[in-house]
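Open the model in your viewer and keep the selection box handy. We'll hop from one selection to the next and say what is there at each stop.

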Amino acid sequence: MIPASFEYFSPRTVPDAVNLLVRYGQEAKLLAGGHSLVPLMKLRLAAPRYVVDLNRIAGLSYIREGDGALCIGALTRHGEIETSDLIRARYPLLADAARVISDPLVRNMGTIGGSLAHADPAGDWGAAMLAGGAEVVATGPGGPRTISIDRFFEGTFVTALRPDEILTEVRLPQAVKGQGGAYLKLERKVGDFAIAAVGVGLVLDGGTCARVGIGLCNVGPTSLRAEKAARSLIGRKPDDAAVARAAETAAAECDPADDLRGPADYKRDVVRVLTARALRLAVQRARGGA
Amino acid sequence: MGNRITVTINGTAREAEVEPRLLLVHFIREVLGMTGTHIGCDTTNCGACTVLLDGRAVKSCTVFAVQADGRTVLTVEGLARDGELHPIQEAFREQHGLQCGFCTPGMMMTAYALLQRLPNPTEEQIRWGISGNLCRCTGYVNIVAAIKDAAEKLRASPARAGGKG
C-alpha cells in the first residue's frame with residue numbers, strides 16, 4: 001500500500017516545527033513514532049499534504065523526576081518507558097501499561113506523545129494518564145502551556161491541542177509514599193488493542209484512600225475517567241466491599257459498543273472485573289507488596 | 001519531488017533520490033534490490049519486514065525511507081560475514097526454526113536485537129520478544145529453540161555477534 005504524495009519536513013527545533021504548523025495549519029500532520037499515522041496514510045484514511053517529522057528534534061526524549069513531577073518527553077518511545085529502571089521501580093501503573101502496548105517492534109517506534117495526541121480511545125496511554133492524574137505540555141507560537149488530562153480528550157481522535165500546538169511533554173505527580181498503581185488489559189491476542197483495559201493510580205494515607213484515579217480504555221468514544229468510582233473510594237478503606245462497589249460503579253460509567261471484540265454487556269463486565277483486580281493490585285503495591 | 005538520502009545499509013553507504021512517501025521496505029527491496037526483507041501484511045502486524053534501524057528492530061513497512069536518512073540499517077543480508085552464516089542463521093537451520101521461511105528474515109532480525117539486549121534470555125523473554133513477529137507454520141516451538149541455541153552460540157563466541165555495520 002502506497003500513501004498519497006506529501007511534502008516532508010524534518011525541523012531541528014520545536015519552534016521550527018511550530019512555524020511549519022502555523023504556515024500549513026490543518027494540511028500538516030506531525031510524525032512522531034508514525035505507528036498510527038503511517039498505517040492511516042497507507043490506507044489513505046489520512047492524506048496530509050505536509051508531514052512534519054519530529055524525530056530529528058533533539059531533547060524531546062527523556063524520563064526524569066524533579067519539582068514534584070515525573071516528566072516524560074513526548075518523543076519517548078513506549079519501549080524506553082517499558083525498560084526504564086526509574087519507571088519499573090516507582091511507577092507500576094506506567095510500567096504495566098507500557099509492556100502491553102501493541103508488540104515490541106511497535107514499542108520501539110511508537111511514542112507517548114504521539115499516542116496521546118492521536119487520541120484513539122483504544123490507546124493505552126490515555127487511560128493510564130487519566131488514572132495517574134497527568135497533565136500534558138502543549139507548545140505553540142506563544143510558548144508552552146499545560147493542559148490537565150481531564151480536559152485533554154474532547155472526542156474520538158480529537159484533543160484540546162490547537163492546530164499550531166505540539167504536545168512536548170507529559171507530567172505526572174511524583175511518586176510518594178503510599179502510592180500504588182496498576183494497569184490491566186484484556187486482549188484477544190498479544191499485541192491487539194484492548195477488549196477493555198483499566199488503569200488505577202492511588203495514594204493511601206493511614207490505610208484510607210487519599211487520591212484515586214481510574215482510567216478506562218476502549219470502552220467509550222474517548223479514553224474515560226471513572227470519576228464516580230474513584231470518588232466512592234476517597235477517605236475510605238479499600239476493603240473488599242468498597243472495591244466491589246467501585247468496580248460496579250466503573251462498569252456503569254463506561255460506554256462500550258458492540259464490535260468484533262465483543263458485545264457491550266460483556267465489555268462492561270470486563271471493566272467491572274478488571275477494575276476490582278487493578279484496585280486490589282494497586283492497594284497491595286501501595287502497601288509495599290509486589 | 002525527490003529528497004536525496006544517504007542510508008548506511010549493512011555497512012555500506014547508499015545514496016538515492018526518493019519520494020517522501022516511499023516506505024523503507026520498498027526502498028530496501030526495490031531501490032536497492034535487496035529482497036531478503038519480506039513484505040507480509042503491510043499493516044504493521046506481522047513483522048516479516050523487520051530490520052534494525054540504528055540498532056532497534058522496527059517494521060520497515062511503517063517507516064518512510066526519508067526517516068532513515070543519515071542512519072544505519074541492518075537487514076538479513078547483513079548477518080552473514082565472509083560467506084559464513086551468522087550464529088542466529090546457523091541456529092535457525094540446525095533447530096529447524098522455519099518451515100516456509102517467509103517470516104524468517106524478520107524473525108532473525110528481531111532475535112538479533114533481542115540477544116544484544118538479553119544475551120541469556122529465558123523462554124518467556126524470547127516468547128515476549130518475538131510477539132511482534134507472526135509465524136503461520138511452526139507454532140513457534142522450534143523458533144524459540146533456535147533463539148535459545150543462538151544465544152548459547154553467541155555466548156560461546158561473542159566475536160561473531162555483530163552483523164555488517
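Which residue in β3(A) is the bridge partner of Lys29(A)? Select both strands and look: the partner is Val51(A).

Before going on, some housekeeping. This is a predicted model, in which local features need pLDDT of at least 70 and side-chain atom pairs count only at pLDDT 80 or more, while totals for chains, interfaces and linings use all residues. Residues are numbered from 1 along each chain as its sequence is written, and chains are lettered from A and ligands numbered from 1 in the order in which they are written.

**Stop 1: the parallel strands of chain A**

Select residues 28-31 of chain A, which make up strand β2. Helices (H or I, at least four residues) and strands (E, at least two) are DSSP runs, numbered from the N terminus. β2(A) runs parallel to β3(A), paired over four bridges; strands count as paired if DSSP finds at least two bridges between them. Now add β1(A), which also pairs with β3(A) in the parallel sense, over three bridges. In that pairing, Phe9(A) stands opposite Val52(A).

Next, pick Arg44(A), in the loop between α2 and β3 of chain A. Its phi is near 60°, a positive value in a residue other than glycine. Most residues other than glycine have a negative phi. Arg44(A) is exposed, with 11 other C-beta atoms within 10 Å. The cut-offs: 20 or more other C-beta atoms within 10 Å make a residue buried, 12 or fewer make it exposed, and anything in between is partly exposed, with C-beta atoms placed from the backbone.

**Stop 2: the antiparallel sheet**

Select β11, β12, β13 and β14 of chain A, which form an open antiparallel sheet in that order. β11 and β14 (224-225) of chain A are the edge strands, each with a single partner, so one side of each has no neighbour in the sheet. β11(A) and β12(A) are joined in the antiparallel sense over nine bridges. Click Leu184(A) and you'll find its bridge partner Val198(A) in β12(A).

Now show the helices that pack on this sheet. α5(A) touches β11 and β12 of chain A, and its direction makes about 20° with that of β11(A). Axes here are lines fitted to C-alpha atoms, for helices over the stretch in contact, and angles run from 0 to 180 degrees between N-to-C directions. α8(A) touches β11, β12, β13 (208-217) and β14 of chain A, at about 165° to the direction of β13(A).

**Stop 3: an enclosed helix**

Zoom in on α5(A), residues 92-99. Seven of its eight residues are buried, so the rest of the structure largely encloses this helix. Among the buried ones are Pro92(A), Leu93(A) and Asp96(A). What do the buried residues of α5(A) pack against? They pack against α3 (78-82), α4 (85-90), α8 (124-132), β11 (179-187), β12 (194-205) and α11 of chain A.

**Stop 4: the cores**

The largest nonpolar core has 91 residues, and those with the most contacts inside it include Val198(A), Leu216(A) and Ala278(A). Such a core is a set of buried Ala, Val, Leu, Ile, Met, Phe, Trp, Tyr and Cys residues joined through C-beta atoms within 7 Å. Helix α11 (residues 264-286) of chain A gives the most to this core, with 10 residues. Select Ala278(A): beyond its neighbours within four places in sequence, its contacts include Leu184(A), Val198(A) and Val200(A). Contact takes C-beta atoms, placed from the backbone, that lie within 7 Å. Apart from the largest core lies another, of 56 residues, among them Ile5(B), Phe27(B), Ala65(B) and Tyr112(B).

**Stop 5: where the chains touch**

Colour by chain. The contact takes 23 residues from chain A and 21 residues from chain B. On the chain A side, α6(A) gives the most, with three residues.

**Stop 6: chain B**

Chain B is divided into domain 1 (3-78) and domain 2 (87-159), with bounds from an automatic or database domain assignment. Their C-alpha centres lie 21 Å apart. The contact between them takes 15 residues from domain 1 of chain B and 12 residues from domain 2 of chain B.

Last click: Asn10(B), in the loop between β1 (3-9) and β2 (12-18) of chain B. Asn10(B) has a positive phi of about 50° although it is not a glycine. Buried or exposed? With 20 C-beta neighbours inside 10 Å, Asn10(B) counts as buried.

Definitions and conventions
Contact = placed C-beta atoms within 7 Å.
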